[in-house]
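User: Hi! I'm new to this one and would like a quick tour. Can you walk me through it?

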Amino acid sequence: MTLQDRLRDVKDRLQEACRRSGRQCKDVQVIAVTKYVSVDTARTVVEAGNIHIGENRWPDARDKWEALKGQAVFHYIGSLQTNKVKDIVGRFDFIHSLDRLSLAEAIQKHAQTLGITVPCFLQVNVSGEQSKHGLDPEQLGPFVRGLQAFDRIAPIGLMTMAPYESEPEDTRPIFRSLRKLRDELNQSGTLKKPMLELSMGMSNDFEIAVEEGATRVRLGTVLVGNEIEEEKP
Ligand SMILES: *Cc1c(COP(=O)(O)O)cnc(C)c1O
């Protein structure tokens with residue numbers, strides 16, 4: 001499939017998922033995850049109107065950021081070490097992987113220096129897989145209370161990664177749980193401002209995530225391809 005075909009195909013599938021679940025497509029933002037593709041491909045994706053770009057490592061993202069800053073909106077979707085925060089804050093518009101107070105502290109410090117506020121998704125490990133980053137669901141309430149000390153961080157929603165399932169339908173309970181966690185937090189009165197967003201759904205399972213209320217889907221392979229895999233003999 002060509003890039004243009006993929007972009008069109010994903011758009012159609014998203015529209016179908018929105019229609020099935022009675023949602024409006026404008027309420028679901030696609031983040032094109034460009035970590036497996038070149039600067040040129042990323043530029044083509046942005047020029048085709050997909051201006052939201054996701055990357056998970058600064059060394060790999062750097063060239064794309066330099067080439068596309070000012071044209072694209074950058075989402076940091078990878079796990080973030082405290083000593084790498086200085087590379088990310090001020091360059092990326094959103095952070096999807098806030099999962100501990102020591103990280104919040106580092107983000108706050110750099111944001112303060114720059115005089116900015118950073119919109120963040122709180123990453124939750126809903127599936128409980130050892131290999132996944134994120135807060136345990138039970139930690140979420142206390143974590144959100146702890147975050148209130150950081151006025152340069154705007155918690156705007158929750159993020160999760162579902163395990164890869166050969167049957168995408170099997171991811172539904174994960175996405176449903178994330179939405180429930182968000183709704184419960186909003187009803188608990190802990191937050192000054194409700195968190196409206198859910199960053200969930202990847203190539204394998206984005207239609208299910210949309211049906212369960214995703215406001216941002218993070219799409220790599222299915223949308224922009226995987227040039228690293230394609231180059232393998
Ligand atoms: C790589 C990555 C994606 C996109 O993965 P695909 O399966 O290729 O769509 C989404 N979210 C995160 C956090 C990622 O690291």
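Analyst: Happy to; we'll talk about the ligand, then an annotated lysine, the cysteines and a proline. Keep in mind that this is a predicted model.

User: Great. How many residues surround the ligand, and which are the closest?

Analyst: The ligand is surrounded by 13 residues. Lys-35, Ser-203, Arg-218, Gly-220 and Thr-221 are the closest.

User: What kinds of residues make up that shell: nonpolar, polar or charged?

Analyst: There are 7 nonpolar residues, 4 polar ones and 2 charged ones in the shell.

User: And which atom of the ligand does the side chain of Ser-203 approach?

Analyst: An oxygen atom: an N or O atom in the Ser-203 side chain is 2.5 Å from that ligand oxygen. For Arg-218, a polar side-chain atom is 2.8 Å from a nitrogen atom of the ligand. Gly-220 uses its backbone instead, with an N or O atom 2.8 Å from a ligand oxygen.

User: How much of the ligand does the protein bury?

Analyst: The protein buries 89% of the 390 Å² that the ligand exposes when taken alone.

User: Back to Lys-35. What does UniProt say about that residue?

Analyst: An unreviewed UniProt entry annotates Lys-35 as "modified residue: N6-(pyridoxal phosphate)lysine". In the model, Lys-35 is in the loop between strand S1 (29–33) and helix H2 (39–47).

User: Is Lys-35 buried, exposed or partly exposed, and why?

Analyst: Lys-35 counts as partly exposed because its relative accessibility is 25%, and that class runs from 20% to 50%.

User: Which residues does the domain annotation cover?

Analyst: The unreviewed UniProt entry gives "domain: Alanine racemase N-terminal" for residues 12–225. That span is 38% helix and 18% strand, and its end C-alpha atoms lie 17 Å apart.

User: New topic: how many disulfides are in the whole structure?

Analyst: A search of the whole structure finds 0. Take Cys-18: the nearest cysteine sulfur belongs to Cys-25 and is 3.4 Å away. A pair has to be within 2.5 Å to count as a disulfide, so Cys-18 is in none.

User: Is Cys-18 buried or exposed?

Analyst: Cys-18 is buried, with a relative accessible area of 1%. Cys-120 is buried too, at 0%.

User: Last one: where is Pro-168?

Analyst: Pro-168 is in the loop between strand S6 (153–159) and helix H7 (172–188). Pro-168 counts as partly exposed, at 23% relative accessibility.

User: And how many Å separate the C-alpha atoms of Pro-168 and Leu-178?

Analyst: They are separated by 16 Å, with the two residues 10 apart along the chain.

Terms used. Residues are numbered from 1 along each chain as its sequence is written. This is a predicted model: local features need pLDDT of at least 70, side-chain atom pairs count only at pLDDT 80 or more; totals for chains, interfaces and linings use all residues. Side-chain values use heavy atoms; hydrogens and water are left out. A residue is near a molecule or strand if one of its heavy atoms lies within 4 Å of it. A polar contact is a pair of N or O atoms within 3.5 Å; within protein, one must be able to donate a hydrogen and the other to accept it, and residues adjacent in sequence count only if both atoms are side-chain atoms. Accessible areas come from the Shrake-Rupley method with a 1.4 Å probe; for residues, only the protein chains shown count as cover. Ala, Val, Leu, Ile, Met, Phe, Trp, Tyr, Cys and Pro count as nonpolar, Asp, Glu, Lys and Arg as charged, and the others, Gly among them, as polar. Buried means under 20% relative accessible area, exposed over 50%, partly exposed in between (1.4 Å probe, protein chains only). UniProt positions are given in the numbering used here, feature names are shortened, and annotations may be inferred rather than shown by experiment. Helices (H or I, at least four residues) and strands (E, at least two) are DSSP runs, numbered from the N terminus.
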